[in-house]
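I sat down with this one to see how the chain is put together. Here are my notes, in the order I looked things up.

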Amino acid sequence: MGTADERRADGEGGPRPLLVLGKIVDILDAFTLHQPSLTLRELQQKTGLPQSTVQRLVTNLVAHGFLDRAGDGFRLGVRMAYWGAAAGKDLDVLSVVNPVLKDLRDATGETACFFRAEGHHRVCIAVAQTRHALRREMSVGKIAPITVGSPGRVLLAWSPGLAEEVLREDLPQLTESTVTDRDELRRLIKQTAAEGYAITVGERVDGASGLAAPVFDSAADLVGALVVSGPTMRMPYEKCLDWVDVLVEHAERITRALGGRHPG
């Protein structure tokens, strides 16, 4: 019949996670791009685990190549990088993005799409169309100036070099609501970076709204902008605000699937 632990693992109530694995994950998650090297004391403070537990687990993680010594501290081991490279090999971004777009479309009822920067423009590389008869026309390959609309705002917020390039040029005006003042656009880009999303109404097309959030790769570099768009009559600014958490959750889902992390 097996032991009680074996019976639980075989399906009586489902498998239970090993407690020690949770502690190991807490230790590994403590390392970030901004803090790639941590001392035992810093690891204890960040994880909240007892000092003796941290010391014991770190010693074992070093012995197995999960962590490497770095002076007085520790950093993620080369073995982890090897596994990360294997996990990311041949990973098709669109195979990750497309299912999330459909889920986001179903959650909001509006068109969900994914944009990348191409020079000083933004291009749609994936889309899940709304089922509403009245819709904003969006298709793969759709191009627009990167200074216009919520996806462009997001792409510029996490691409400071590109932002400075476009802000040195004249800003195109597509509607009466298009932002053409450089100082105002610079302010809005900073606001987007601080808030983690962008909402625009009528900037590219009159009577249309957009809500966008960033997606990042394993180097914390920007991959693109996840967007919900639709007619303003169904997506007034207040409705866009209501959908911020839903959008950000789906954007983070793509980031995690790509092995990515937010630069912050």
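**Entry 1: overview**

Before anything else, I noted that this is a predicted model. I tallied the secondary structure of the protein chain and got eleven helices and nine strands. Of its 264 residues, 41% count as buried. I also looked at contacts with a separation of 6 or more, and residues 24 or more positions apart account for 58% of them.

**Entry 2: the six-stranded sheet**

I traced six strands in an open sheet, in the order β6-β5-β4-β9-β8-β7, with antiparallel pairing. Which strands stand at the edges? They are β6 (143-145) and β7 (198-201). Each has a single partner strand, so one side of each is left without a neighbour in the sheet. On average, neighbouring strands here are turned by 30° against each other, direction ignored.

I then went to the β6 edge. β5 and β6 run antiparallel and are joined by three bridges. Valine 123 stands opposite isoleucine 143 in β6.

**Entry 3: helices lying across the strands**

I checked two helices against these strands. α6 lies across β4, β5 and β9, and runs at about 70° to β5. Helix α7 (residues 150-157) lies across β4, β5, β7, β8 and β9, and its angle to β9 is about 160°.

**Entry 4: nonpolar cores**

I looked up the largest nonpolar core and found 26 residues in it. Val215, Leu226 and Ile254 have the most contacts inside this core. The elements giving two or more residues to it are α6 (93-108), β4 (111-118), β5 (121-128), β8 (208-216), β9 (222-231) and α11 (244-257). Which element gives the most? That is α6, with six residues.

I followed isoleucine 254 outwards, leaving aside its neighbours within four places in sequence. Isoleucine 254 is in contact with Val96, Val97, Val100, Val215 and Leu226. Apart from this core lies another, of 24 residues, with Cys124, Ala157, Ala225 and Val227 among them.

**Entry 5: threonine 108**

Threonine 108 is found in helix α6. Buried or exposed? Threonine 108 counts as buried, at 10% relative accessibility. A polar atom of its side chain lies 3.0 Å from the backbone oxygen of leucine 104. Beyond its neighbours within four places in sequence, threonine 108 is in contact with Val228, Trp243 and Val246.

**Entry 6: the cysteines**

How many disulfides does a search of the whole structure find? It finds zero. I wanted to know why, and looked at cysteine 113 and cysteine 124. The sulfur of cysteine 113 has its closest cysteine sulfur in cysteine 124, 4.9 Å away, which is too far for a bond. A disulfide needs the two sulfur atoms within 2.5 Å. From the other side, the closest cysteine sulfur to that of cysteine 124 is in cysteine 113, again at 4.9 Å. Cysteine 113 is buried, with a relative accessible area of 0%. Cysteine 124 is buried too, at 1%.

**Entry 7: the three-stranded sheet**

I moved on to an open sheet of three strands, in the order β1-β3-β2, with antiparallel pairing. β1 and β2 (67-70) stand at the edges with a single partner strand each, so one side of each has no neighbour in the sheet. Four bridges pair β2 with strand β3 (residues 73-76) in the antiparallel sense. Across that pair, arginine 69 stands opposite phenylalanine 74 in β3.

**Entry 8: proline 36**

Where is proline 36? Its place is in the loop between α2 (19-29) and β1 (37-38). At 32% relative accessibility, proline 36 counts as partly exposed. Leaving aside neighbours within four places in sequence, proline 36 is in contact with Phe31, Phe74, Arg75 and Leu76. I also checked the backbone: the C-alpha atoms of proline 36 and phenylalanine 74 are separated by 8.3 Å, and these residues are 38 apart along the chain.

**Entry 9: alanine 220**

My last stop was the loop between β8 and β9, where alanine 220 is found. Alanine 220 has a positive phi of about 65°, although it is not a glycine. With a relative accessible area of 9%, alanine 220 is buried.

Conventions: Residues are numbered from 1 along each chain as its sequence is written. This is a predicted model: local features need pLDDT of at least 70, side-chain atom pairs count only at pLDDT 80 or more; totals for chains, interfaces and linings use all residues. Side-chain values use heavy atoms; hydrogens and water are left out. Buried means under 20% relative accessible area, exposed over 50%, partly exposed in between (1.4 Å probe, protein chains only). A nonpolar core is a set of buried Ala, Val, Leu, Ile, Met, Phe, Trp, Tyr and Cys residues joined through side-chain atoms within 4.5 Å. Contact means heavy atoms within 4.5 Å. Two strands pair if DSSP finds at least two bridges between them. Axes are lines fitted to C-alpha atoms, for helices over the stretch in contact, and angles run from 0 to 180 degrees between N-to-C directions. A polar contact is a pair of N or O atoms within 3.5 Å; within protein, one must be able to donate a hydrogen and the other to accept it, and residues adjacent in sequence count only if both atoms are side-chain atoms.
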